[in-house]
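The following note sets out comments on helix packing and on the interface between chains. Please read the points with the model at hand.

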2 protein chains.
Amino acid sequence: MMEFMSRWETDAPGRLQRAAVELFLERGFDQTTVAEIAARAGLTERTFFRYFSDKREVLFSGSKALEETLVQAIREAPPALAPIDVAGEAVVAVADLFEGRHEQVRLRSRIVDSHSELQERELIKMASLRSSLAGGLRARGVAEQTAAMAADLGIAVFSNAFQRWVAGSADRTFSAIAREALGELKAVAAGS
Amino acid sequence: MMEFMSRWETDAPGRLQRAAVELFLERGFDQTTVAEIAARAGLTERTFFRYFSDKREVLFSGSKALEETLVQAIREAPPALAPIDVAGEAVVAVADLFEGRHEQVRLRSRIVDSHSELQERELIKMASLRSSLAGGLRARGVAEQTAAMAADLGIAVFSNAFQRWVAGSADRTFSAIAREALGELKAVAAGS
């Protein structure tokens with residue numbers, strides 16, 4: 001029984017996320033309750049609220065790890081790297097969070113894209129990522145206006161790469177697509 | 001009396017906007033009612049609702065003109081212009097909407113920046129502008145991915161230029177700052 005319980009409790013957040021995504025796709029986001037998500041995952045509502053503040057957060061809990069990964073990559077980038085490449089390498093670094101999760105991320109995006117309240121939440125998370133990127137660049141000594149601009153370009157690389165990765169096949173890695181998007185950004189900015 | 005009435009009715013939306021900005025700054029956005037805005041402007045609530053759906057829209061009614069100006073400038077840009085410069089020229093073109101209104105726009109920004117619900121609304125309007133920019137570029141025959149990237153870069157130019165213009169003195173024109181921001185974007189993307 002103990003063994004059963006501990007297996008049962010293993011990766012509760014992941015099970016709740018998978019259950020939530022299934023239900024949001026089956027019934028719609030608005031029509032799904034926390035009680036139903038917990039029941040589908042074979043867990044209690046109390047367990048749900050140990051990990052997520054509400055059903056919306058099930059879809060956005062990954063953004064903290066995304067922000068931390070970006071900021072750490074900025075901090076660890078070689079000192080001589082130009083701000084645009086620091087931002088670009090930071091975007092490439094978030095690939096670690098995505099690889100092997102293509103289908104899961106794709107379904108999550110489908111839910112977010114089909115619901116205006118969730119799209120708004122996504123915009124807010126992106127604005128927060130942008131601030132973290134700019135702050136990380138300033139901490140490296142990049143001048144404020146340059147840091148703001150490079151952060152916007154980093155977010156452009158991220159969002160374009162993310163859209164393409166999600167829309168494409170699972171074979172193409174996020175890091176390859178991010179490097180491609182960074183190259184395209186440079187080409188477009190140069191007047192191609 | 002007719003003459004008085006017609007003067008009274010002149011520029012009702014502008015008077016409502018100025019009254020709203022005054023009250024939002026004096027009392028806070030949440031503490032201000034439509035009735036108070038109408039009273040301060042010397043107009044009725046009914047007149048208020050002829051122009052604005054709610055008190056929030058008083059701060060965002062300019063975004064339609066912004067979008068139209070951007071889209072028209074994209075349509076009218078010389079055919080040979082690179083997508084980044086089409087987007088850049090479109091941003092420069094919106095200067096017409098800002099010149100002579102520095103103080104008004106500055107106060108409006110101060111209100112929006114101090115209230116999370118209004119900041120969210122601003123993010124949504126920017127996302128909508130971005131879509132219009134991308135759509136305008138695609139209508140010129142720009143490939144989808146290039147259009148998406150150039151639209152993101154155009155929004156980066158706009159938002160950086162807008163922040164600088166609002167924070168700076170009224171002497172500097174938005175168009176000059178937008179051209180400067182476009183030049184900086186190109187320099188940052190090229191690795192400066």
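**Helix packing and the chain interface**

1. In this predicted model, α11(A) passes α12(A) in a right-handed crossing. The two helices, α11 (residues 144-167) and α12 (residues 174-189) of chain A, pack at an angle of about 130°, their axes being 8 Å apart. Because of that angle, α11(A) is oblique to α12(A).

2. On the α11(A) side, this contact involves A:L153, A:A156, A:V157, A:F158, A:A161, A:F162, A:R164 and A:W165. The α12(A) side contributes residues including A:F174, A:I177, A:L182 and A:L185. Sorted by class, the contact of α11(A) with α12(A) has 13 nonpolar and 3 charged residues, and no polar ones.

3. Between the chains, 26 residues of chain A are in contact with 26 residues of chain B. The buried area is about 2200 Å², and carbon and sulfur atoms give 68% of this. A:M149, A:V188 and A:A189 supply 27% of the area that chain A buries against chain B, more than any other three residues. The rule finds 0 salt bridges across this interface.

4. One helix pair that spans the two chains is α12(A) with α11 (residues 144-167) of chain B, packed at an angle of about 70° with axes 10 Å apart. That angle is why α12(A) counts as roughly perpendicular to α11(B).

5. In this pair, A:A181, A:E184, A:L185, A:V188 and A:A189 of α12(A) meet B:Q145, B:T146, B:M149, B:A150 and B:L153 of α11(B). The contact of α12(A) with α11(B) comprises 7 nonpolar, 2 polar and 1 charged residues.

Conventions: Residues numbered from 1 in each chain as written. Chains lettered and ligands numbered in written order. Predicted model: local features only at pLDDT ≥ 70, side-chain atom pairs only at ≥ 80, totals over all residues. Heavy atoms only, no water. Axes fitted to C-alpha atoms, helices over the stretch in contact; angles between N-to-C directions. Helix = DSSP H or I, 4+ residues; strand = E, 2+ residues; numbered from the N terminus. Parallel < 35°, antiparallel > 145°, perpendicular 65-115°, else oblique. Left-handed = near helix turned anticlockwise from the far one by under 90°. Contact = heavy atoms within 4.5 Å. Nonpolar A, V, L, I, M, F, W, Y, C, P; charged D, E, K, R; others polar. Buried area = accessible area lost by both parts, 1.4 Å probe. Salt bridge = Lys/Arg side-chain N within 4 Å of Asp/Glu carboxyl O.
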